[in-house]
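Dear colleague,

I am passing on to you the structure that we spoke of, together with some notes on what came out of going through it. Please have the sequence and the model open while you read.

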Amino acid sequence: MSTSLLTFYVLIWPFIASLVLFVLCYGLYKDIQEAKTTGNELV
Amino acid sequence: MFQFSSTAIVLLMILFYGITFLISLRIGRKHENVDGYMVSNGSIGFGMSAASMTATWIWAASFYAAASAGYKYGLSGALHYGFWGALMILFIYPFGKRFRKLAPNAHTLAEIMHARHGNQSQLILAGSNIIGSVISLMVNFTAAGALVEILSPLSFTQGVIITGIGVLSYTLWSGFRASVYTDFAQLIAMIVAAVVIIPILFFTLGGPSLFQTGMHHLNAEQMDFFSKTAALEQGAPFFVAVLAYAIGNQTIAQRLFAVRQDLIKPSFITATIGYGAIVIGLGMLGLFALFAGIHPIDGDLNNLIPQMAATYLPPFLVGLLFIMVIGALSSTADADLCALSAIIMTDIYGKQIAKNRPHPQKMLWIGRITMIIATVCGIIFATFKFDILSMLIFVGALWGAIVFPVISSLYWDKVTAKAFNWSVLIAFISFLMVRLNWVSLTGITAYLFEIIATIGAGVVLGLMSFGFFGKKVGVIVGCITTIILLPYCLGFLRNYLTLLSSLTAYGASALVCTVITLLSSQKRFDFRRINELVVEFHSLSKKQK
């Protein structure tokens with residue numbers, strides 16, 4: 001494995017984790033919107 | 001090596017648990033609903049449920065074991081820990097959809113088994129769930145004590161006690177609802193810390209040049225991305241446990257029963273990706289240590305992450321790492337408390353003592369008292385410092401013995417209670433015979449167990465395929481796997497006891513369950529009866545009034 005490929009291999013995981021963070025935050029935003037619309041509680 | 005003062009570490013923990021407690025107050029009710037205490041409203045949204053599943057599945061062992069795997073096995077080590085752990089979340093969701101379809105109002109998997117097979121099968125499943133959750137609780141408290149001990153002058157026991165009280169404080173009143181609600185904040189803290197710490201540690205150690213200067217620290221196996229050693233010692237036993245941990249763990253079942261039914265798939269796929277990225281990323285810290293030639297303190301691989309943080313990171317980031325680990329173990333510990341309380345409330349009090357006529361308020365307090373007792377037990381057991389890895393392997397095998405009987409019972413209407421109970425018992429005894437060397441693995445005995453284990457491998461892959469693609473594909477994959485693997489496994493598996501014993505549990509349970517079922521003349525079970533027998537407790541009490 002080349003150095004650049006190894007660097008990509010070790011740093012891709014925190015990058016994917018940060019994408020998941022955005023997806024979850026957007027999901028929570030949608031949950032809150034839906035809870036307001038339906039009158040249900042979040043949990 | 002950097003250490004916090006006693007005051008600083010106590011303040012950090014008070015800050016973390018104080019904020020978590022305040023968050024839980026936002027959803028607290030004076031009169032909690034007994035079903036809400038166990039599975040919330042049964043229609044939690046995507047963001048909340050995906051975050052909760054991810055946070056629950058990332059526990060203290062995820063950090064230490066992933067980094068240890070990266071350090072021990074090199075390039076592929078972290079993958080062999082995080083990838084299979086992530087698949088545990090992915091492979092349960094097709095079965096989870098089936099559980100919800102059969103019993104939309106269920107609180108525990110054992111409760112469904114009670115409706116399907118009666119008391120004995122329910123107690124077998126509930127008992128294995130309880131053992132697993134108590135061990136998990138103990139592991140998380142142990143990790144907290146060890147972390148406090150290494151990063152401050154405080155003792156191991158003091159760290160364990162502060163953590164136990166902290167987790168109980170925000171979980172006790174609202175139960176599962178508080179656990180899910182606080183999971184989101186805890187996961188955000190975890191992800192932010194991981195995303196910041198991993199690259200900083202990488203570049204502090206030299207960045208890309210680390211791979212050139214440190215390559216001589218790796219042996220040939222550690223340099224091999226497709227290392228056979230890593231696959232057989234770390235990957236295979238973990239892969240075998242994928243379905244076992246998913247079926248045997250009440251914390252997953254609880255989230256399956258809590259999320260809105262149409263959101264099970266997206267929530268669990270997101271949790272799979274989130275878990276994989278965070279845990280494999282943290283496993284890379286072990287790989288960095290290997291390249292940098294760092295030796296863990298006292299030769300204990302569990303010291304690797306705190307040691308690297310304390311050596312190479314500024315105090316602020318050490319504090320961030322501390323919060324990340326405390327957040328990870330707290331989110332799992334609170335889920336274990338909720339799992340234990342749900343099992344005692346539903347399977348012991350609701351079904352066995354109150355005979356399906358529970359008093360909701362009494363049931364709620366039984367749940368809270370269970371949490372207090374479980375926390376005290378977790379703290380006491382943690383101070384004994386048991387060999388946790390051995391216990392986890394045992395629990396994994398115990399759960400391996402129940403996977404086929406549980407899944408087949410909820411799809412195949414001919415499976416009987418007798419088939420369920422005997423298959424679990426014989427599978428567990430078979431596992432013990434191999435794992436504890438009760439039999440000498442030579443000659444025909446070794447071949448017999450290797451054949452059963454190879455069938456077990458077919459069962460594992462067959463069930464995984466069955467979940468996604470149905471019965472026909474599952475049976476074909478299972479049969480082909482067994483036929484292809486048999487020549488390779490004979491004379492080979494006996495050298496890998498952990499793998500052989502785990503696969504034996506799968507193979508024996510599937511064989512016994514299938515044979516007894518086929519020989520039975522009992523009439524077929526009507527799956528619609530499960531929904532009639534598994535009801536919401538609060539609506540039940542209204543009917544009684």
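The notes below take up a pocket, then the aromatic rings, and then two arginines.

Please bear in mind throughout that this is a predicted model.

The second largest pocket has a volume of about 640 Å³, and of the 20 residues that line this pocket, those closest to its centre are Phe404(B), Leu463(B), Lys471(B), Val475(B) and Thr514(B). Four helices of chain B, namely α18 (388-409), α20 (443-469), α21 (471-489) and α22 (497-519), each contribute at least two residues to the lining of the second largest pocket. Sorted by class, that lining consists of 12 nonpolar, 7 polar and 1 charged residues.

As for the aromatic rings, a search of the whole structure, over all chains, finds 22 aromatic pairs. In one of them, the ring centres of Phe16(B) and Tyr17(B) lie 5.0 Å apart and the ring planes stand at 80 degrees, so this pair counts as edge-to-face, for which the angle has to be over 60 degrees. Both Phe16(B) and Tyr17(B) are buried. Elsewhere in the chain, one aromatic cluster is formed by Phe202(B), Phe203(B), Phe211(B), Phe288(B) and Phe291(B).

Finally, there are two arginines that you may wish to look at alongside these rings. Arg98(B) has its charged end over the ring of Tyr411(B), at 5.0 Å from the ring centre, while Arg116(B) lies over the face of Phe525(B), 4.4 Å from the centre of that ring.

With best wishes

Key: Residues are numbered from 1 along each chain as its sequence is written. Chains are lettered from A and ligands numbered from 1 in the order in which they are written. This is a predicted model: local features need pLDDT of at least 70, side-chain atom pairs count only at pLDDT 80 or more; totals for chains, interfaces and linings use all residues. Side-chain values use heavy atoms; hydrogens and water are left out. On a 1 Å grid over the protein atoms alone, a cavity is a set of points where a 1.4 Å probe fits but cannot get out, and a pocket is an open set with protein on both sides within 12 Å along at least five of seven lines; lining residues have an atom within 4 Å of a point. Grid points are joined across faces, edges and corners, and a volume is the space filled by probe spheres set on the points. Ala, Val, Leu, Ile, Met, Phe, Trp, Tyr, Cys and Pro count as nonpolar, Asp, Glu, Lys and Arg as charged, and the others, Gly among them, as polar. Rings of Phe, Tyr and Trp (its six-membered ring) pair if their centres lie within 6.5 Å; planes under 30 degrees apart count as stacked, over 60 as edge-to-face and the rest as tilted. Buried means under 20% relative accessible area, exposed over 50%, partly exposed in between (1.4 Å probe, protein chains only). A charge sits over a ring if NZ of Lys or CZ of Arg is within 6 Å of the ring centre and within 35 degrees of the ring normal.
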